[in-house]
Structures are given as structure tokens and as C-alpha cells.
Amino acid sequence: MINDLYISKLQPKTTVKVFKSNIETNATEIKIYNKNGEVLEENDIIATGMQLELKLGELTRSFEIVVKGDLYSDGKADILDMIIINYARLKKETLTGAKFIAADIMEDGKITIDDLVKINKFRLRKISEI
């Protein structure tokens, strides 16, 4: 899903190659940058907080990437992410922006136990997507 600031709903462990094959755009150039400003290669995994840059002629648009369940910004959805989600759920940590979107697995505008349960099912391979 794309809005003015974010491209979201990416699944964990999505590579640049898979992402590019699934995006519909008329952009002539697609680049993804990590937090250090380096361009990712085709087999690199995309993580929350990375930047997508689309170019068409002189026009350039940038979006922050959000990977579902990836709060640790490593492209995965695992126990480290669950810890952060649980802290937010217990109001011990405040999540905003891309981190909040990544944590809100159920897409209901809240961080709840249901978000934790779904990411855990994914982590345990009981479901294939989150």
C-alpha cells in the first residue's frame, strides 16, 4: 500500500528483486536505500525505515518503507520485534510513524495482544504471511 509518506504491507524477508517484480509503476528508475544511504542490491532484504526512490524523468518521489512486523529494522519479524510490540502494548514504549504501522499487524489502529499473536504464528510458521 502506498500513501504520501509510506509504502507499507511488505512481508518480512522481501528482497529487492521480489519487491521490484511486484510493484506497478511507470517510474524509469527504482532504488531502495538502507539507513546509511547505500543502494540495495537485488538479493538484499528490505527492512522498515529504508527509503524507496522512484524516478520518472526529472520527477523524484521518495517513500519510507514499512515491513509488517519489522520493528527492529532487519527485514524480519521475530522475537526481537515481538518484544518491542509488547513494550508498546504495555505502554512502556511509544511507537510512531513507520514503527507504529509495522507493529499494527491487525491494521486496526491499535497495538494489542492480537498483533503479538499473529506475528508469533508467523514466526512459528503456522501462517505464511502477516
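These legends walk you through a few views of a predicted model of one protein chain.

**View 1. The whole chain and its order of elements.** Welcome to the fold: the protein chain has four helices and four strands. Following the sequence from its start, you meet these elements in the pattern β-α-β-β-β-α-α-α. The radius of gyration is 15 Å, close to the 14 Å that the globule rule gives for 130 residues, so the protein chain is as compact as a globular protein of that length. Along the principal axes, its C-alpha atoms fill a box of roughly 45 × 25 × 25 Å.

**View 2. Inside and outside.** How much of the protein chain is buried? Buried residues account for 40% of the 130 residues. On the outside, the accessible surface comes to about 7,800 Å², and carbon and sulfur atoms hold 49% of that surface. Contacts can also be sorted by sequence distance: of those between residues at least 6 apart in sequence, 53% join residues at least 24 apart.

**View 3. A nonpolar patch on the surface.** Here you can look for five side chains by name: Tyr72, Ile79, Leu80, Ile83 and Tyr87 form a nonpolar patch on the surface. Together, these residues have about 480 Å² of accessible area.

**View 4. Tyr87, a member of the patch.** Where does Tyr87 sit in the fold? Tyr87 lies in helix H2, which covers residues 79-89. Its relative accessible area is 42%, so Tyr87 counts as partly exposed, a class that lies between buried, under 20%, and exposed, over 50%. Tyr87 shares the nonpolar patch with Tyr72, Ile79, Leu80 and Ile83.

Notes
Residues numbered from 1 in each chain as written. Predicted model: local features only at pLDDT ≥ 70, side-chain atom pairs only at ≥ 80, totals over all residues. Heavy atoms only, no water. Patch = residues over 30% accessible without salt bridge, like charges linked within 9 Å, V, L, I, M, F, W, Y side chains within 5 Å. Areas by Shrake-Rupley, 256 points an atom, 1.4 Å probe, with all protein chains shown as cover. Salt bridge = Lys/Arg side-chain N within 4 Å of Asp/Glu carboxyl O. Helix = DSSP H or I, 4+ residues; strand = E, 2+ residues; numbered from the N terminus. Buried < 20%, exposed > 50% of the residue type's maximum accessible area, 1.4 Å probe, protein only. Rg over C-alpha atoms; globule rule 2.2 N^0.38 Å. Contact = heavy atoms within 4.5 Å.
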